[in-house]
Amino acid sequence: MSGKAAASDNTGFPAGGTGRRRATIRELTESTPSRVAMDVPRDRGRWSRRHRRIATGVLVALILGGLTAVLWRVDPAWPVVSADTIWIGTVEQGTFVREASGTGTLVPIERRWITAATAGRVEEILVQPGSNVAPDTVLLRLSNPDVEVQLLDARQQLADAEAELVALRSGQESSRLAQQAVIAEVRTQYLEAKHRDEMNRELQDKTPGLVPEVDLVRSGQRLSQLEDRLDIETRRLEVGGESAVEQLAAQEKQVDRLRAIVRFSEERVDSLDVRPRFPGVLAESSAEEGQWVAAGETLGRVVQPGGLKAEIRVPQSQAVGIVLGQQATVDTRGVLLEGRVSRIDPAVRDGTITVDIALPERLPGGARPNMSVFGTVVLEQLDGVTYVDRPVHASANAAVGIYRLHDDGLAERVNVVFGQISVNEVEIRAGLEPGDRVVLSDMSEWDDYPRVRIE
């Protein structure tokens with residue numbers, strides 16, 4: 001090692017073992033503090049890199065936060081709804097007219113169904129629908145031989161009963177006269193016996209012993225016997241008279257009953273010629289020649305076209321508040337007729353209540369029975385009410401979600417509380433203000449989205 005120069009690195013330390021290098025470093029540290037001070041910037045360099053990594057991380061976090069905030073402020077891609085496919089309304093404040101409406105028909109005020117009083121076969125149709133008829137106009141003729149035979153039997157029974165009544169009256173009169181003759185004969189005998197008894201007693205009083213005692217007793221007995229018989233025959237006449245009255249009354253009732261049967265049979269035969277019994281126009285006729293119709297079967301209908309009323313079927317949810325006399329309008333699909341509520345059906349049928357509307361006596365020429373109409377009843381008018389055109393599926397006193405439009409074309413779903421409901425409008429109690437524009441169409445397809453864009 002003495003002959004060779006010791007190798008050294010760029011620090012000036014001799015190359016060699018590790019122990020020697022460590023010793024040399026300690027010596028240098030103790031003897032040359034300036035050399036040690038030269039290593040301090042190297043440590044500060046390592047700390048700077050760490051600080052740069054932290055600063056870089058903070059900067060990245062700030063950038064990501066800023067991007068998130070920017071993206072948060074940017075509207076998402078809300079569904080787009082075409083403005084041509086929806087119905088938009090504006091909330092207003094003013095007079096709110098609550099109405100109830102329904103469809104119906106014009107019907108005659110006076111009408112009558114024609115029914116068959118007697119079963120029979122249609123032999124001839126004399127009047128067709130649309131013809132004017134009088135009460136005694138024969139519309140069609142029926143035939144039923146059984147009815148005619150029943151009439152003949154009833155007439156025969158009536159004749160027999162009337163003959164029996166005549167015979168009864170004649171027999172009772174003969175019996176009465178015969179009884180009166182008996183009474184007259186007994187009374188004559190009684191008077192003769194009484195006169196003879198009085199004479200005998202008078203002679204006996206004047207001349208005692210002139211009349212035998214036996215004759216006096218016999219004359220007294222005869223007088224008493226005839227007196228009793230006269231009383232009996234008189235009573236028999238009275239009883240016979242009372243019985244005769246009862247028999248006559250019973251037979252007269254029988255005759256009256258048979259006369260009623262005859263009249264009924266005659267009416268049945270007469271009803272084979274079907275008459276309306278009501279003036280007007282034959283609106284319909286359901287009979288056909290050769291058809292067998294049963295008693296009570298409907299054969300037609302007669303109406304008076306001059307007087308018509310409207311029968312409107314109002315949903316029961318709207319009918320609350322309808323009272324007699326309320327103003328109403330009837331649309332005949334061309335002419336508006338003014339009227340008033342004249343009758344309210346107390347029963348609900350198929351979810352509707354039938355309301356009759358009385359119309360003016362003079363109606364337009366196009367008004368005809370069974371014409372389809374649309375009627376509206378004015379229930380009440382409320383001032384200072386916030387309302388809007390009636391949305392689809394709106395119901396009274398309900399909270400629903402509805403889309404409110406902004407000026408930028410975005411529609412936001414808000415909760416709205418409805419109040420009273422009318423035919424075309426609904427009261428707003430909460431959720432909207434006058435001037436708000438809302439979507440009234442069915443938006444159930446977009447219920448999952450709080451906002452939609454209207455373009």
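Me: How many bridges join β4 to strand β11, and in which sense do they run?

Reply: This is a predicted model. As a general idea, strands of a sheet pair through backbone hydrogen bonds, either parallel or antiparallel. Here, β4 and β11 (residues 298-303) run antiparallel, joined by 5 bridges. To fix the register, take Arg111: its bridge partner in β11 is Val303.

Me: Which sheet holds β4 and β11, and in what order do its strands come?

Reply: An open sheet of 4 strands. Read the order as β4-β11-β9-β6, with antiparallel pairing.

Me: Which are the edge strands there?

Reply: Look for strands that pair on one side only. In this sheet they are β4 (111-115) and β6 (132-133).

Me: What pairs with β3?

Reply: Take β16 and β12 in turn. Strand β3 (residues 92-108) pairs with β16 (residues 372-389) in the antiparallel sense, over 13 bridges. Val97 marks the register, standing opposite Gln381 in β16. With β12 (residues 308-315), β3 also runs antiparallel, through 6 bridges. There, Thr103 stands opposite Arg313.

Me: Which residues of the largest nonpolar core touch the most other members?

Reply: In soluble globular proteins, nonpolar side chains tend to be buried together. The largest core in this model has 21 residues. Leu106, Ala310, Val314, Ile322, Val330, Ile357 and Leu359 touch the most other members. Two or more residues come from each of β3, β12, β13 (327-331), β14 (336-344), β15 (352-358) and β16. β12 gives the most, with 4 residues.

Me: What does Ile357 touch, leaving out residues up to four places away in sequence?

Reply: Its contacts include Ala310, Ile312, Ala328, Val330 and Val377. Polar and charged names appear too: Lys309, Arg340 and Ser342 are among the residues Ile357 touches. Gly339 is also one of them.

Me: Which residues belong to the second core?

Reply: That core is separate and has 17 residues. Val122, Ile125, Ala287 and Val302 are among them.

Me: What is the phi of Asp350, and where is Asp350 found?

Reply: Check the residue type, then the location. Asp350 is not a glycine, yet it has a positive phi of about 55°. Asp350 sits in the loop between β14 and β15.

Me: Why does Asp350 count as exposed?

Reply: Compare its value with the cut-off: exposed means over 50% relative accessible area. Asp350 counts as exposed because its relative accessibility is 84%.

Me: And Asn397: buried or exposed?

Reply: Asn397 is exposed, because its relative accessible area is 53%. Asn397 has a positive phi of about 55° and is not a glycine. Asn397 lies in the loop between β16 and β17 (399-405).

Methods. Residues are numbered from 1 along each chain as its sequence is written. This is a predicted model: local features need pLDDT of at least 70, side-chain atom pairs count only at pLDDT 80 or more; totals for chains, interfaces and linings use all residues. Side-chain values use heavy atoms; hydrogens and water are left out. Two strands pair if DSSP finds at least two bridges between them. A nonpolar core is a set of buried Ala, Val, Leu, Ile, Met, Phe, Trp, Tyr and Cys residues joined through side-chain atoms within 4.5 Å. Buried means under 20% relative accessible area, exposed over 50%, partly exposed in between (1.4 Å probe, protein chains only). Contact means heavy atoms within 4.5 Å.
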